[in-house]
Amino acid sequence: MTNNALQLQLPYQSAAMAAAAFIMAMLAMLFTPPSFAQPDAWPKKPITLIVPFPAGGMTDVLARRIGRDMQETLKQSVVIENRPGASGQIGTQHVAQATPDGYTLLVSATHHAINPALRHNLPYDASKDFTAIALLATTPNLLVVNKDIPVSNLQEYLAYAKKMDGGMLFASSSVGGATHLSGELLKLMTGAPMAHISYKGATPALQDLLGGHVPSLFHDVMTMAPFVKDGQVKAIGVTSSTRSEALPDVPTIAEQGVQGYEAITWIGFYGPAGLDKSITDKLNAIAVKSLNNAEAKEYFTLNGTSPGELNPEQFDSFVHGELTKWKRVVQDANLKVE
């Protein structure tokens, strides 16, 4: 090949090589996964835990326990913010509308699954607008009667209800709460004549039970255990599927002939929909560890409560099951909130 021919061929070889390099670069861009900012650096600022109820209740107590351990583990401030009102709707709506970046979270109770069945104009969708993080705790309710009522077990209670004009009256602290629906579920599953009396709070309901103005009451085990132990009221049955450690001698309603009956109060931990899985898993691990140490277990045992141990996927399934169950109970009982 002459020098002139070589000189003519080299530019074409260089152009071909450049084109090949360009094509390879484009292919690399097409088949390389995009690089997104990862949430590994989370948290970079204080985290807010919203509690949609007043301070002092069990939901608030558990939120503060979780917040303390989050702060210690994550090395970042955690602020507990109580936003009560409208049976938990106000605080819950705030979290539903928050950016899913892990800085605004929710700790709520059974109302989260009951409100959608009772209130048809909620400003959020409980099944779609939240990321389930962890089940924090469960506590059974307890069916009790005034000490002068001549019944000592569930079958006697149901038989006595049939003899009463208007059926057996049962009290609860509010319309649509977990204690109220515990009674409605029993009524639906047994066909017993029962009528609900709603009170504005647990204290007046309990006072009327002790005073003999109302024959029976559904209330949480934690509150009622001392009254049962000193003989002020008689325990008829526990609403959970297993007996309570606080009252181990009291049988469940299910084991007294109402198979499948279960109505528990529970407290859950959530973020807005779309919360990154790595953040969700990290928060779940903190919550489970926090609520299953020796100190927490002693607190739970004394209060008739069990710590949650579900992973996020299991808790999400649990919440959807509760939404379905309470929707059915509310519809079948034809309950309405004015």
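This passage walks through a buried strand, the nonpolar cores, the cavities and one exposed residue of a predicted model.

Strand β7, residues 216-220, makes a handy starting point. Five of its five residues are buried, so the strand is largely enclosed by the rest of the structure. Its side chains split between two directions: S216, F218 and D220 point one way, while L217 and H219 point the other way. As for partners, β7 pairs with strand β4 (residues 130-146) in the antiparallel sense, over five bridges. Within that pairing, F218 of β7 is the bridge partner of L143. Strand β5 (residues 168-172) runs parallel to β7 and is joined to it by two bridges; here L217 is the bridge partner of A171.

Turning to the nonpolar packing, the largest core counts 45 residues, and L154, Y157 and L186 have the most contacts inside it. Quite a list of elements feeds this core with at least two residues each: helices α3 (89-96), α4 (111-118), α5 (154-163), α6 (178-190) and α11, plus strands β4, β5 and β9 (264-272). The largest share, six residues, comes from α11. L154 gives a good local view: setting aside neighbours within four places in sequence, L154 touches L143, L186, I236, I253, Q256 and V258. L143, then, turns up both as a contact of L154 and as the bridge partner of F218. Another core, of 31 residues, lies apart from the largest one, with M58, V78, I80 and I267 among its members.

Not everything is filled in, though: the structure holds two cavities of 30 Å³ or more. The largest has about 60 Å³ of space and is lined by H112, A126, S127, F130, T131, A132, Y270, D316, V319 and H320. Strand β4 and helix α11 are the elements that give two or more residues to this lining, which by class comes out as five nonpolar, four polar and one charged.

The second largest cavity holds about 30 Å³. Its lining consists of S87, G88, Q89, T92, S108, H111, H112, N115 and Y124, with α3 and α4 each giving two or more residues. Helix α4 provides the largest share, three residues. Here the lining divides into eight polar residues, one nonpolar and no charged. H112 appears in the linings of both cavities.

Finally, N334 sits in the segment after α11 (312-333). With 58% relative accessibility, N334 counts as exposed. N334 and L118 are 216 residues apart in sequence, with their C-alpha atoms 9.7 Å apart in space.

Definitions and conventions: Residues are numbered from 1 along each chain as its sequence is written. This is a predicted model: local features need pLDDT of at least 70, side-chain atom pairs count only at pLDDT 80 or more; totals for chains, interfaces and linings use all residues. Side-chain values use heavy atoms; hydrogens and water are left out. Helices (H or I, at least four residues) and strands (E, at least two) are DSSP runs, numbered from the N terminus. Buried means under 20% relative accessible area, exposed over 50%, partly exposed in between (1.4 Å probe, protein chains only). Two strands pair if DSSP finds at least two bridges between them. A nonpolar core is a set of buried Ala, Val, Leu, Ile, Met, Phe, Trp, Tyr and Cys residues joined through side-chain atoms within 4.5 Å. Contact means heavy atoms within 4.5 Å. On a 1 Å grid over the protein atoms alone, a cavity is a set of points where a 1.4 Å probe fits but cannot get out, and a pocket is an open set with protein on both sides within 12 Å along at least five of seven lines; lining residues have an atom within 4 Å of a point. Grid points are joined across faces, edges and corners, and a volume is the space filled by probe spheres set on the points. Ala, Val, Leu, Ile, Met, Phe, Trp, Tyr, Cys and Pro count as nonpolar, Asp, Glu, Lys and Arg as charged, and the others, Gly among them, as polar.
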